[in-house]
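Biologist: Thanks for sitting down with me. Could we walk through this model together, one question at a time?

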Amino acid sequence: ATCEPFDCQAGLSNSDADWTVSKRAYCCSNKALGCETTTILLTTTSVPFDCEAGKDNWEKGWTDEKQSYCCLTGKLGCEPFDCLSDAAEERTPEKLA
């Protein structure tokens, strides 16, 4: 069986409100599920966030929006998941949300 940090089907119907930024970023980039439905229109070549700025302290310094954007677009600020950690043993169907 594949070890995945999130069950992307659980809570999908209300993912905008109920999912964490990390779950949304993982499921969107890996499963194309739960992607934000809002569209950002850019009128210049600039991007909404500089993902290099503050990347060493992203957990405390970035907003949820910046973390989501940078994880999805640049694979920066994504919360790591260790399939071999003790937490993986606790992954029961009831806890996969």
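Modeller: Happy to, and please keep in mind that this is a predicted model. A good place to begin is helix H4, whose buried residues pack against H2 and helix H3 (58–61).

Biologist: Which residues of helix H4 (residues 64–74) are buried?

Modeller: Buried means under 20% relative accessible area. In helix H4 the residues that count as buried are Lys66, Gln67, Ser68, Tyr69, Cys70 and Cys71.

Biologist: Is valine 21 buried or exposed?

Modeller: Valine 21 has its place in helix H2 (residues 21–31). The cut-off for buried is under 20% relative accessible area. Valine 21 has 14% relative accessibility, so this residue counts as buried.

Biologist: Which residues does valine 21 touch, not counting those up to four places away in sequence?

Modeller: One clue is that its C-alpha atom and that of aspartate 64 are separated by 6.4 Å, though the two residues are 43 apart along the chain. Leaving out residues up to four places away in sequence, valine 21 touches Asp64, Gln67 and Ser68.

Biologist: Now the disulfides. How many does a search of the whole structure find?

Modeller: One of them joins cysteine 28 to cysteine 35, with S to S 2.1 Å. The search of the whole structure gives a total of four.

Biologist: Is the disulfide of cysteine 28 and cysteine 35 right-handed or left-handed?

Modeller: Its ends sit in unlike surroundings: cysteine 28 is buried at 17% relative accessibility, while cysteine 35 is partly exposed at 30%. The torsion about the S-S bond is about 105 degrees, so this disulfide is right-handed.

Biologist: How many residues apart in sequence are the parts tied together by cysteine 51 and cysteine 70?

Modeller: A disulfide joins cysteine 51 to cysteine 70, with S to S 2.0 Å. Cysteine 51 lies in the loop between H2 and H3 and cysteine 70 in helix H4, so the parts tied together are apart in sequence by 19 residues.

Biologist: Which of cysteine 51 and cysteine 70 is at 0% relative accessibility?

Modeller: Cysteine 51 is buried at 12% relative accessibility. The residue at 0%, which also counts as buried, is cysteine 70.

Biologist: Last one: which residues lie nearest the centre of the second largest pocket?

Modeller: About 200 Å³ of space lies in that pocket, and H2 gives the most to its lining, with five residues. Cysteine 71 and cysteine 78, joined by a disulfide, are both among the 13 lining residues. Nearest the centre lie Tyr26, Asn30, Cys71, Cys78 and Glu79.

Note on methods
Residues are numbered from 1 along each chain as its sequence is written. This is a predicted model: local features need pLDDT of at least 70, side-chain atom pairs count only at pLDDT 80 or more; totals for chains, interfaces and linings use all residues. Side-chain values use heavy atoms; hydrogens and water are left out. Helices (H or I, at least four residues) and strands (E, at least two) are DSSP runs, numbered from the N terminus. Buried means under 20% relative accessible area, exposed over 50%, partly exposed in between (1.4 Å probe, protein chains only). Contact means heavy atoms within 4.5 Å. On a 1 Å grid over the protein atoms alone, a cavity is a set of points where a 1.4 Å probe fits but cannot get out, and a pocket is an open set with protein on both sides within 12 Å along at least five of seven lines; lining residues have an atom within 4 Å of a point. Grid points are joined across faces, edges and corners, and a volume is the space filled by probe spheres set on the points. A disulfide is a pair of cysteine sulfur atoms within 2.5 Å.
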